[in-house]
Amino acid sequence: MDVQALANQIVKLDISEPNRVLVCVVAQSSLLEHIKAHQFDDTHFMVLRDTVQRGSAKEVVIGDDGVMRLKGRICFPNIDGLRNLILEEAYISSYSIHTGVMKMYRDLKQHYWWRRMKKDIVAYVSRYLNYQQPPEAEKSSFSSLS
C-alpha cells in the first residue's frame, strides 16, 4: 500500500518538518458514524428532524456533528438491526454488569434514546430469562439450604 493511500484511509501524516514524517493513527467509533448515516432513514426521526428544523422541538437538537439528540442522549434509529446490536453489546459486555431489565435500561438510557426503549429491553432480556435462573438441580439444592 502506498503512503498516500494509507493517509487517505486510516492515518494522518504531518510533513511540516523537512526530512521527517509524523504518522498518527486516528481511531473513531464506527457506531456513531453508522447512527449518523442512518438516523434519518427512520421515519419517526425524519418527522422529529423536521420539527427541530422548524424550531418547534425544545428538547431535541441536531449537534454540530450532525447527530440528533434528545436531552443529550443519541436518538437511536431502528435501521439495519442497530438496536439489536446495542442491546446485544450491553447484555454480554461488562457495560451492564447485571443482565436485569432495569439495570440495563438505566445504563442505556444515559446515552441513547428511542421510542419504546424499555419495552424493547424487556423483550430482549426475556429471551434470555433461562440464563438468569439457576438450573433445576441448583434450584433444588438452594431450596434445601433454606
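Two strands count as paired if DSSP finds at least two bridges between them. In this predicted model, pairing of that kind gives an open sheet of 4 strands in the order 3-4-5-6, with mixed pairing. Strand 3 (60–62) and strand 6 (112–113) lie at the edges with a single partner strand each, so one side of each has no neighbour in the sheet.

Strand 3 runs antiparallel to strand 4 (residues 68–70), and 3 bridges join the two. Val61 has Arg69 of strand 4 as its bridge partner. Helix 3 (residues 43–54) packs on the sheet and touches strand 3, strand 4, strand 5 (73–75) and strand 6. The direction of helix 3 makes about 85 degrees with that of strand 3.

**Overall composition**

The protein has 8 helices and 6 strands. Along the sequence these elements follow the pattern α-β-β-α-α-β-β-β-α-α-β-α-α-α. Whole-protein values are collected below.

| Property | Value |
|---|---|
| Buried share of the 146 residues | 28% |
| Share of contacts between residues at least 6 apart in sequence that join residues at least 24 apart | 48% |
| Exposed area of the protein | about 10,200 Å² |
| Share of the exposed area supplied by carbon and sulfur atoms | 54% |

**Helix 4 and the cores**

Which residues of helix 4 are buried? In helix 4 (residues 82–92) they are Leu82, Arg83, Ile86, Leu87, Ala90 and Tyr91. These residues cover an arc of only 165 degrees around the axis, which places them on the same side of helix 4. The general background is that an α-helix has 3.6 residues a turn, so residues three or four places apart point the same way.

The largest nonpolar core has 18 residues, of which Met104, Leu108, Tyr112 and Ile121 touch the most other members. Helix 4, helix 5 (101–109) and helix 6 (117–127) are the elements that give two or more residues to this core. Helix 4 provides the largest share, 5 residues.

Tyr112 belongs to this core, and its number also falls within strand 6 (112–113), an edge strand of the sheet. Leaving aside neighbours within four places in sequence, Tyr112 is in contact with Leu31, Arg73, Ile74, Phe76, Ile86 and Met117. Of these partners, Ile86 is one of the buried residues of helix 4.

A second, separate core has 9 residues, including Phe40, Phe45, Leu48 and Cys75. Phe45 and Leu48 fall within helix 3 (residues 43–54), and Cys75 within strand 5 (73–75).

Terms used
Residues are numbered from 1 along each chain as its sequence is written. This is a predicted model: local features need pLDDT of at least 70, side-chain atom pairs count only at pLDDT 80 or more; totals for chains, interfaces and linings use all residues. Side-chain values use heavy atoms; hydrogens and water are left out. Contact means heavy atoms within 4.5 Å. Axes are lines fitted to C-alpha atoms, for helices over the stretch in contact, and angles run from 0 to 180 degrees between N-to-C directions. Buried means under 20% relative accessible area, exposed over 50%, partly exposed in between (1.4 Å probe, protein chains only). Accessible areas come from the Shrake-Rupley method with a 1.4 Å probe; for residues, only the protein chains shown count as cover. The arc is that of the directions from the helix axis to the C-beta atoms. A nonpolar core is a set of buried Ala, Val, Leu, Ile, Met, Phe, Trp, Tyr and Cys residues joined through side-chain atoms within 4.5 Å.
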